[in-house]
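Could you walk me through this model, starting with one helix and then moving to the cores and a few loop residues?

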Amino acid sequence: MSKKRIVVTGMGLVSCYGNDVDLFYDNLLAGKSGISMISRFPCDDFPTRFAGEIKNYDSGTYLEKKQARRVDNVISYAIVAGKKALEMGGVDSASLERLDKKRCGVIIGSGMGGMNVFVDGIQTLLEKGNRKVTPFFIPFIITNMGGALLAVDVGFMGPNYSISTACATSNNCIIAAANHIRNGEADLMVCGGTEAAIVPIGLAGFCACKALSQQNDAPERASRPWDQNRDGFVMGEGAGVLVLETLEHAQARGATILAEYLGGGISCDAHHMTEPRPDSEGVVICIRKALEDANVPPEAIDYINAHATSTQAGDMVEVQAIKKVLPNPARVVMNSTKSLIGHCLGAAGGLEAIATIKAIVDGVVHPTINLENPEPGLEFHIPTKAEKHHIDVAMSNSFGFGGHNAAIILGRYK
């Protein structure tokens with residue numbers, strides 16, 4: 001039975017480059033690193049003192065001012081990115097009323113949830129006692145609240161929940177949203193991920209895992225996927241959100257179609273809490289499922305936005321997996337958005353899906369920066385400056401702690 005065609009009509013984000021999709025991609029194309037020393041809190045005694053921090057963040061008119069002051073950034077980022085995606089998709093206040101809101105939903109996940117509100121609540125409990133803990137404590141730490149409050153604002157009554165699969169969160173949410181549309185349960189879905197974990201305990205936790213780069217003397221050069229001198233990933237934050245809908249629904253309302261969602265695949269390594277399977281079989285299963293779901297042969301892939309976090313263990317396992325599935329890696333363009341903005345955890349897949357769609361639409365692929373001493377055996381074409389490429393079919397990979405793997409296939413709309 002033929003599957004419903006699903007198209008992307010809107011994209012919205014919050015990033016270390018700002019909240020505009022075109023500005024975001026222009027900075028990626030320019031190879032401008034978004035990594036800098038952390039200014040939000042003192043961290044002089046931390047082994048890592050830099051990140052892809054969002055500075056001077058302002059939710060603008062997308063949140064009511066009192067709400068903006070109260071909510072955790074993980075919620076604020078989700079609402080701003082979601083509303084900006086709808087805005088790009090041509091869903092303004094007038095057209096919003098013409099939608100069947102019972103058939104519109106939201107799936108926006110987070111790996112970590114409202115960490116700043118959580119820490120503030122614990123401190124209040126210890127210093128002032130339980131009676132001083134805010135009644136907003138629970139609502140503002142749970143991972144589903146960003147999507148829930150977005151739905152409250154726009155009135156979407158369709159499927160609404162969050163998925164939390166660490167760094168695979170966004171892709172899992174996008175796949176789930178697409179499946180609700182294919183199953184006839186929704187006409188339009190807002191989906192992606194959000195993360196705001198650059199707080200002292202978040203940084204301390206990842207430092208304790210020994211997962212982060214410690215190149216404090218040159219933070220903009222610290223995220224270096226596939227480089228032999230990489231020493232860990234760089235934390236990032238933000239949100240990346242897509243609007244997906246059936247082709248018929250998009251055409252009926254005259255929406256501009258940016259790209260087509262072709263399919264997605266998920267799997268589990270079933271191996272280790274944080275380390276990938278050294279044989280790469282979990283990722284192989286994931287990619288093959290994505291291609292099968294998209295009804296796309298491996299040789300059709302033109303471009304890969306890789307997970308490529310800049311860790312010793314993960315980078316080459318992904319390369320190994322892709323080479324097992326794709327017959328001719330030398331003809332495939334591959335890059336790492338994380339080299340420029342760091343690893344945005346639960347939001348990574350959403351932001352990277354936007355980068356992938358921009359590559360398809362604009363016909364220009366952003367560079368991977370800091371790749372000075374490449375690992376042997378890469379074989380893929382990895383641009384170190386912006387390059388023009390005609391892309392028909394692209395893959396974006398996300399893999400998370402716990403062995404969660406999720407890949408999506410996006411294509412040029414024809």
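Here is a short tour, with the ground rules up front.

This is a predicted model, so local features need pLDDT of at least 70 and side-chain atom pairs count only at pLDDT 80 or more, while totals for chains, interfaces and linings use all residues. Residues are numbered from 1 along each chain as its sequence is written, and side-chain values use heavy atoms, with hydrogens and water left out.

Let's begin with helix 11, residues 281-294 (helices are DSSP runs of H or I with at least four residues, strands are runs of E with at least two, and both are numbered from the N terminus). Its 14 residues reach 20 Å from first C-alpha to last, close to the 20 Å expected at 1.5 Å a residue (the expected span is 1.5 Å times one less than the number of residues). Buried residues here include V283, I287, L291 and D293 (buried means under 20% relative accessible area, exposed over 50%, partly exposed in between, with a 1.4 Å probe and protein chains only). The buried residues of helix 11 pack against helix 8, strand 8, helix 12, strand 13 and strand 14.

Just past the end of helix 11 sits N295, with a positive phi of about 55 degrees, although N295 is not a glycine. N295 belongs to the loop between helix 11 and strand 9, and it counts as exposed because its relative accessibility is 70%.

L345 also has a positive phi, near 55 degrees, and is a residue other than glycine. You'll find L345 in the loop between helix 13 and helix 14; at 3% relative accessibility, it counts as buried.

Now for the cores. The largest nonpolar core has 49 residues, and F24, L242, L244, Y261 and I341 have the most contacts inside it (such a core is a set of buried Ala, Val, Leu, Ile, Met, Phe, Trp, Tyr and Cys residues joined through side-chain atoms within 4.5 Å). Helix 14 supplies the largest share of this core, eight residues. A second, separate core of 36 residues includes Y77, L99, V106 and A196.

Y261 is worth a look. Leaving aside neighbours within four places in sequence, Y261 is in contact with residues including I6, I174, L244, D293 and I409 (contact means heavy atoms within 4.5 Å).

Finally, there's L371, in the loop between strand 11 and strand 12. L371 counts as buried because its relative accessibility is 15%. Beyond its neighbours within four places in sequence, L371 is in contact with P225, W226, D227 and I382.
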